[in-house]
Amino acid sequence: MLRAGVIGCGYWGPNIIRNIDALPNVELTYIADLDSNQLESIKKKFPYVNTTTNYRDIIKDSSIDLVFIVTPVSTHYSFAKEALVSGKHVFVEKPLTDGSKTSLELCQLAESKNLVLMVGHTFVYSSAVRKMKEIIDTGEIGDVLYITSNRLNLGLYQNDINVLWDLAPHDISIVSYLLNGEIINVEAYGQRTVNPNLVDTAFLNLTFSNGEKVYIMNSWLYPEKIRKMVVVGTKGNIVYDDMEPENKVKVFNKHVELTCDKNGKYSYNYAQGGEYAPELVLREALFVELSHFADCVLNNQEPLTSGRKGLNVVKVLEKSDMLLNL
Ligand SMILES: NC(=O)c1ccc[n+]([C@@H]2O[C@H](COP(=O)([O-])OP(=O)(O)OC[C@H]3O[C@@H](n4cnc5c(N)ncnc54)[C@H](O)[C@@H]3O)[C@@H](O)[C@H]2O)c1
């Protein structure tokens, strides 16, 4: 049995806590938050858990094996570093840290101490994203030409990070999982609409080494909640709408073929195939993610969303910052 401590129980922390509590091989032991009201409400649900307003109580507790960091991004580096130095395996919420230097340092520290460092790129563990990967890998939709991803809503405005650092880790981690190559080019455009110091609406374009293009739009200033990704391939397309209660993934066997006659005249053939919604396994992505973390610790394996994968996401975000500030 592994013993777990969680730092941070604001908006997202209670979801992590509920899922850790359901893991068969992990004992939820300690929870820290600066806000004693948050701790009190957590204690009502999990009365057997120790609580503290000093996160170092968790890091110094030699009986704790796993530390989960679910605090604002600016704290991730120092909390994770202290936990790794104390010999704990660390799960850090996305993004890994607020810069590539600190992310790299955490990866190297974990590697040198043979500890597991994992980043909470939750969507990579969702049934919908797993299904999309399976369909792409079978070749059913041909070669991927481009992907669009829209993650939009009214709020929640963050104070310490712009909209890309908040939302794009999801899009970047999903497309990096779906496509096998490396990101070789980053373009970013954005606007500071409500707060003159904070980009709240942004476009991030990525080029992968195999030529696929990815077009991401993120906004906190949009009237509807949209979580939609479209994968366009040479033989077919996948539409993933996370707001759909059922049939989140749909496959369309449609494509366009270009032909050129002997006089050099182009014509377009529209192949209209059928469409279907593949069956998805009903499992909470967060539970799959946290089980994977515990399994990696127990079996000394590298997680799918390792520190190194988290570092790659941070590098893209850092590049986007440079471009947005030009
Ligand atoms: N994977 C996902 O889908 C997902 C979704 C939402 C948030 N997140 C991530 O989770 C993290 C937390 O986000 P949130 O929305 O819950 O933020 P939040 O502000 O609601 O909660 C953060 C909590 O951390 C506590 N905290 C801050 N400093 C602390 C300290 N020194 N010691 C102890 N506690 C401290 C705060 O009191 C607060 O309760 C972020 O990294 C965010 O990106 C991930």
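Me: What sets Tyr-11, Trp-12, Asp-33, Lys-94 and Thr-122 apart among the 18 residues around the ligand?

Reply: Those five come nearest. To be near at all, a residue needs one of its heavy atoms within 4 Å of the ligand. This is a predicted model, so local features need pLDDT of at least 70 and side-chain atom pairs pLDDT 80 or more, while totals for chains, interfaces and linings use all residues. Numbering runs from 1 along each chain as its sequence is written, and side-chain values use heavy atoms, without hydrogens or water.

Me: Why does the Asp-33 side chain make a polar contact with the ligand?

Reply: The cut-off is a pair of N or O atoms within 3.5 Å. A polar side-chain atom of Asp-33 sits 2.5 Å from a ligand oxygen, so the pair qualifies. His-76 gets in too, with a polar side-chain atom at 3.1 Å from an oxygen of the ligand, and so does a polar backbone atom of Tyr-11, at 2.9 Å from a ligand oxygen.

Me: How do you know how much of the ligand the protein buries?

Reply: Compare accessible areas (Shrake-Rupley, 1.4 Å probe): alone, the ligand exposes 850 Å², and the protein buries 80% of that.

Me: What makes up the shell around the ligand, by residue class?

Reply: Eight nonpolar, seven polar and three charged residues. Asp, Glu, Lys and Arg count as charged; Ala, Val, Leu, Ile, Met, Phe, Trp, Tyr, Cys and Pro as nonpolar; the others, Gly among them, as polar. Therefore Asp-33 and Lys-94 go down as charged, and Trp-12 as nonpolar.

Notes. A polar contact is a pair of N or O atoms within 3.5 Å; within protein, one must be able to donate a hydrogen and the other to accept it, and residues adjacent in sequence count only if both atoms are side-chain atoms.
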